[in-house]
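Me: Could you take a close look at one helix for me, and then walk me through a few other local features? I work at the bench, so plain language is fine.

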Amino acid sequence: MPGKPGKPVRRSLRGVPAVALAAVLAAGALAGCGAAPKAGTAALVDGDRITVRTLGGTVRDWWGQLQSDPAAAQVWARTASAQGADPGAGPGSVPAEPGEADMRGALNLLVSFRIADEAAERAGVTVSDGRTSQVGELLERRGGAETITLASGLPRERARDFARFMAVQDALMRHFGADGVPQSPANARATQRFQTLLVETAAAMDVEINPRYGSFDPQQVAIGPVANELSTPGTGSPQA
């Protein structure tokens with residue numbers, strides 16, 4: 001994607017909520033082994049462990065912060081409604097506690113961060129700290145980096161990680177020739193190559209998900225709900 005530094009990100013994000021972009025990447029970034037990791041482990045990514053305690057603490061922090069950010073809560077509630085969840089009593093409302101879908105969503109992102117970095121390495125794409133800062137500043141202008149991170153399902157302290165995640169996505173899309181024009185042939189080709197890279201990268205990695213958070217669907221390349229959520233929506237509090 002040609003242009004001066006900073007402009008490619010603006011074109012790639014224009015008109016598309018950052019939360020939606022993250023959801024697309026998260027949905028396309030999980031793949032690998034369906035084996036269950038050992039007790040106390042939420043996920044393993046090439047031997048790198050995300051513990052149940054870490055995941056629980058992350059979701060607890062996010063949930064508490066979401067209550068104090070009405071803008072993030074409204075975006076989160078709209079996204080939850082669009083995905084068929086029951087976010088609360090009314091538009092922008094937040095239920096009393098997070099559900100299993102929120103735990104799964106946070107885990108999805110944490111795992112996706114690692115897979116996206118590996119994909120960039122495989123493609124020979126480097127994302128500098130300076131580029132991450134540029135994207136963070138862009139998110140700040142588009143509603144607040146911390147607010148966008150909260151609306152995506154992670155606490156404020158993950159805003160830097162989230163900005164890098166977005167920067168990696170943009171760099172890979174530009175690497176594959178995206179022109180930033182919605183529905184253009186170049187963007188369509190870049191998106192296909194981008195998604196193919198994520199699937200191939202994840203398939204080559206050893207990714208294991210604790211079945212308490214759902215099951216991996218290789219066709220959807222995402223963590224699906226646990227069996228009893230398929231017919232009856234379930235809720236639950238994060239556990240340390």
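Reply: Here is a look at helix 6, followed by some other spots in the fold. Keep in mind that this is a predicted model.

Let's start with the length of the helix. Helix 6 covers residues 129-141, which is 13 residues. At 1.5 Å a residue it should span 18 Å, and its end C-alpha atoms sit 19 Å apart, so the two figures agree.

Now for its sides. The buried residues of helix 6 are R131, T132, V135, G136, L138 and L139. If you look down the axis, these buried residues fall within an arc of 160°, so they line one face of the helix. Turned away from that buried side is a face that carries D129 and R141, both exposed. After helix 6 comes G143, with a positive phi near 135°.

Positive phi values turn up elsewhere too, in residues that are not glycine. One of them is D46, with phi near 50°. You'll find D46 in the loop between strand 1 and strand 2, and at 47% relative accessibility it counts as partly exposed. Those strands, residues 41-45 and residues 48-51, run antiparallel and are joined by four bridges. One pairing to look for is A43, whose bridge partner in strand 2 is I50. The hairpin that the strands make has two residues between them.

Q183 is another non-glycine residue with a positive phi, about 70° here. Q183 belongs to the loop between helix 8 (159-175) and helix 9 (185-204). With a relative accessible area of 80%, Q183 is exposed.

Last, the aromatics. Searching the whole structure turns up five aromatic pairs. In one of them, W62 and W76 meet edge-to-face, with 6.0 Å from centre to centre and 65° between the planes. W62 belongs to helix 3 (residues 52-67) and W76 to helix 4 (residues 70-82), so this pair ties together parts that are 14 residues apart in sequence. Both W62 and W76 are buried. Bring W63 into view as well, since ring pairs link W62, W63 and W76 into a cluster.

Conventions: Residues are numbered from 1 along each chain as its sequence is written. This is a predicted model: local features need pLDDT of at least 70, side-chain atom pairs count only at pLDDT 80 or more; totals for chains, interfaces and linings use all residues. Side-chain values use heavy atoms; hydrogens and water are left out. Rings of Phe, Tyr and Trp (its six-membered ring) pair if their centres lie within 6.5 Å; planes under 30 degrees apart count as stacked, over 60 as edge-to-face and the rest as tilted. Buried means under 20% relative accessible area, exposed over 50%, partly exposed in between (1.4 Å probe, protein chains only). Two strands pair if DSSP finds at least two bridges between them. The expected span of a helix is 1.5 Å times one less than its number of residues. The arc is that of the directions from the helix axis to the C-beta atoms.
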